[in-house]
Amino acid sequence: MWVVSGDYKRQADPTCAPFEPVRCHTFITEATFGLPIFRWGDAAAVAEEVAAWWRENAQAGYASVLCAYSLGKAQRLLAELLPHVLGRTIRTHAAVEKLNEVYRSAGVRLPPTRRIDPGSRGSFAGDLIFAPPAAFGSLWMRRFGRVRSGFASGWMRLPDRRRRTTFDRGFVLSDHADWSDLLRTIEESGAERVLTTHGYAASLARFLAEQRRESEVLGVAPKGEASERTASERRPIEPPRPWAVTAGLPDWLFEECCAVVGDLAETKALLEAD
């Protein structure tokens, strides 16, 4: 039997049913974050970070605009923020609010939100505003006055990506499986053959092959955010080989992590962080 995963995550999510591994012979898995530098923390802790950032911004007289994908990511964050919203106002872009209504009609508990319509005016200072990433920097943003912006994404795990972004703050939250959960899911599938696709598919397939599991890349990774340049396409950073051993990784995989991160010390920090 073949199983095709699509995008998936293994972390608990109050807005959807948990992922269920299915035993199979051949497993096609995504590998968007298929490197060991990608490991996710607890989503509730991320929500606490967002709440603290929102509170600090409110005290300074700013509106907080948090960009997250309209389907799934925004609702997950809203649900995780439930313990932090008493007496505070959350507003939403129309694209987010339309999907909030669908989630509520399905029985998913979300905090109260106010849709921002074309005629919405007044002060937004102290409010938390959910918007899709495409809205950031658009004319839609101008009505809010003094703003601090944030972005929720697994890519915010990379220090250089956070530094280069135009957002004021990055929050590490992804609806894709991290390295540990990719390996766990593959193991639980019992698959004798694994095909990897998207993102770091080649790295994951090579690692699996070295673990004596039949594996190969399926197709070509798409262009865009998930198709980061591989180590061979970037100027290599030569790390001390003893550190690769300490990290429990093959030399080539540690070197690829270094090439993606762009800094040896930051790579070590990401691999040490749990």
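Which residues is Gln11 in contact with, leaving aside its neighbours within four places in sequence? In this predicted model, Gln11 is found in the loop that runs between β1 (2-4) and β2 (26-30), and, once those sequence neighbours are set aside, Gln11 is in contact with Trp40, Gly41, Asp42, Ala43, Arg76, Ser174 and Asp181. Two of these residues also take part in polar interactions with Gln11: the side chain of Gln11 reaches the backbone oxygen of Gly41 at 2.6 Å, and a polar contact of 3.0 Å joins the side chain of Gln11 to that of Arg76.

Ser174, one of the residues in contact with Gln11, also appears in the description of the largest pocket, for which a volume of about 540 Å³ was computed. This pocket is lined by 27 residues, of which Asp7, Tyr8, Ser174, Asp175 and His176 are the closest to its centre. By residue class, the lining of the largest pocket comprises 12 nonpolar, nine polar and six charged residues.

Helix α8, which spans residues 251-261, is largely enclosed by the rest of the structure, because nine of its 11 residues are buried, that is, with under 20% relative accessible area. The buried residues of α8 are Trp252, Leu253, Phe254, Glu256, Cys257, Cys258, Ala259, Val260 and Val261, a set that includes Glu256 as well as the paired cysteines in sequence, Cys257 and Cys258. The helix is followed by Gly262, for which the phi angle is positive, near 90 degrees.

Conventions: Residues numbered from 1 in each chain as written. Predicted model: local features only at pLDDT ≥ 70, side-chain atom pairs only at ≥ 80, totals over all residues. Heavy atoms only, no water. 1 Å grid on protein atoms, 1.4 Å probe; cavity = no way out; pocket = protein on both sides within 12 Å on 5 of 7 lines; lining within 4 Å. Points joined across faces, edges and corners; volume = space filled by probe spheres on them. Nonpolar A, V, L, I, M, F, W, Y, C, P; charged D, E, K, R; others polar. Helix = DSSP H or I, 4+ residues; strand = E, 2+ residues; numbered from the N terminus. Polar contact = N/O pair within 3.5 Å; in protein donor to acceptor, adjacent residues only side chain to side chain. Contact = heavy atoms within 4.5 Å. Buried < 20%, exposed > 50% of the residue type's maximum accessible area, 1.4 Å probe, protein only.
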